[in-house]
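Reader: Hello! I am new to this structure and would love a close look at one part of it.

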Amino acid sequence: MKNKILFCCVVAVLCLWAMPLMAQDFNIHDGVQKFFNEMGFITFFIQEGGWKNAIMLVVSCFLMYLAIKKEYEPLLLLPIAFGMALANLPEAGLYDTDLWTEFLDENSEHFHSYGYIMAHGGLLDILYMGVKAGVYPCLIFVGVGAMTDFGPLIANPKSLLLGAAAQIGIFATFLIMQIGVPGFDFTAPQAASIGIIGGADGPTAIFLTSKLAPELLGPIAVAAYSYMALVPVIQPPIMRALTTKNERMIHMEQLRTVSKKEKIIFPIIVAIIVSLVVPSAATLIGCLMLGNLMKESGVVERLSKTAQNELNNIVVIFLGLTVGATATATSFLNMHTLGILIVGVVAFGIGSASGVLMAKLMNIFLRKKINPLIGSAGVSAVPMAARVSQKVGQEADPTNFLLMHAMGPNVAGVIGSAVAAGILLSFLG
């Protein structure tokens with residue numbers, strides 16, 4: 001105890017001795033006043049619109065609650081929410097919206113100047129360059145490919161039609177918004193970026209939005225991952241409304257075994273054909289199929305495991321933080337965000353319904369019927385959408401097992417959403 005008292009006395013004497021020396025270089029009163037003026041708490045009250053930053057901190061804490069307590073897509077929603085909090089801390093200087101405004105302004109001397117961002121940006125500005133350049137979503141697709149089994153799709157090629165049908169939600173929403181939605185005024189690139197939410201593919205939504213409508217990146221990312229997490233809530237009512245109990249009880253034959261040769265050839269053929277037909281989709285599809293080829297070839301196990309784990313985890317952290325940082329008070333607290341949330345869930349609902357209806361249409365011509373429930377898995381929320389098909393199917397018949405059948409359209413949806421993004425980018429980019 002005596003040693004602690006002695007130590008405190010020594011520190012106090014040193015501080016009293018140092019204060020006159022500090023006063024020779026600057027006025028202590030001015031320094032203290034400057035310190036208090038720069039405090040974030042003060043900024044909430046004296047800066048115009050400072051209260052909006054406080055609201056965004058509350059929103060970010062709510063999203064962190066959903067990620068931690070409710071486990072809604074926690075791998076990305078948690079870093080997104082934390083990035084949102086960091087970007088809305090006044091005076092922290094981690095993310096500067098004005099820098100990116102100049103970056104996108106053709107009349108600015110700093111138009112597309114990454115060097116200027118490096119020199120004057122904060123930590124999140126520098127990391128965000130990976131989003132703007134389209135690097136992070138593509139690296140995540142390498143990891144997704146390395147974790148995906150295309151066997152169910154290869155065994156049942158008809159699943160590709162269900163995956164394609166589920167992308168109708170993207171284009172239908174885009175066309176509806178072009179006709180006009182009362183109360184919401186979106187440009188064509190913005191409408192395309194919002195419509196891609198219907199594909200239920202977070203990296204694809206981020207990739208397309210960063211190219212077409214970067215000003216909406218934060219709200220679109222939050223909406224996309226929120227709706228992906230809410231697949232078990234959104235899809236079942238749509239599935240039950242569009243099918244009869246007898247249709248939900250349809251049993252499907254066990255899928256054939258897919259050979260290793262087929263699994264190796266598939267990513268090569270898909271990458272080449274899709275890239276030749278839709279060159280704008282080559283970036284995403286190429287990365288997806290590269291990851292899958294590394295997995296299926298069996299000769300680069302170290303690379304495959306790295307893509308699935310270390311690489312994917314690192315990129316997810318950077319992507320989540322920087323995407324969340326774009327959700328600043330000015331970009332998030334407006335009518336556009338409300339429009340994105342409303343239109344996004346409509347796009348997702350249309351996509352889910354389109355897959356189910358396509359399966360019902362195919363059953364008119366097929367001898368071996370398809371359970372329409374697997375059509376809803378055509379959105380690319382892997383594997384959650386496939387699990388929902390299984391769950392709803394077993395509610396009608398506990399002996400019905402649809403999971404592997406639903407994985408076919410589910411992985412087809414990953415390809416379909418990337419192709420849809422490429423088409424939109426070729427038209428509007």
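Reader: Where is Pro383 found?

Author: Happy to help! Please keep in mind that this is a predicted model. Pro383 is found in the loop that runs between α22 (335–365) and α23 (384–396). The peptide bond joining Val382 to Pro383 is cis, with omega at about -10°. That is worth a pause, as most peptide bonds are trans, and most residues other than glycine have a negative phi.

The phi part of that pattern leads to two further loops. Glu71 lies in the loop between α4 (50–68) and α5 (74–87). Its phi is near 55°, a positive value in a residue other than glycine. Glu71 counts as exposed because its relative accessibility is 59%, and the cut-off for exposed is over 50%. His112, in turn, sits in the loop between α6 (97–104) and α7 (114–120). His112 is not a glycine, yet its phi is positive, at about 55°. With a relative accessible area of 47%, His112 is partly exposed.

Now for the wider setting of these loops. The protein chain has 24 helices and zero strands. It has 429 residues, and 51% of them count as buried. Among its contacts between residues at least 6 apart in sequence, 76% join residues at least 24 apart. As for the outside, the protein chain exposes about 20800 Å², and carbon and sulfur atoms supply 68% of that area.

So, back to your starting point: Pro383 is in the loop between α22 and α23, joined to Val382 by a cis peptide bond.

Conventions
Residues numbered from 1 in each chain as written. Predicted model: local features only at pLDDT ≥ 70, side-chain atom pairs only at ≥ 80, totals over all residues. Heavy atoms only, no water. Helix = DSSP H or I, 4+ residues; strand = E, 2+ residues; numbered from the N terminus. Buried < 20%, exposed > 50% of the residue type's maximum accessible area, 1.4 Å probe, protein only. Contact = heavy atoms within 4.5 Å. Areas by Shrake-Rupley, 256 points an atom, 1.4 Å probe, with all protein chains shown as cover.
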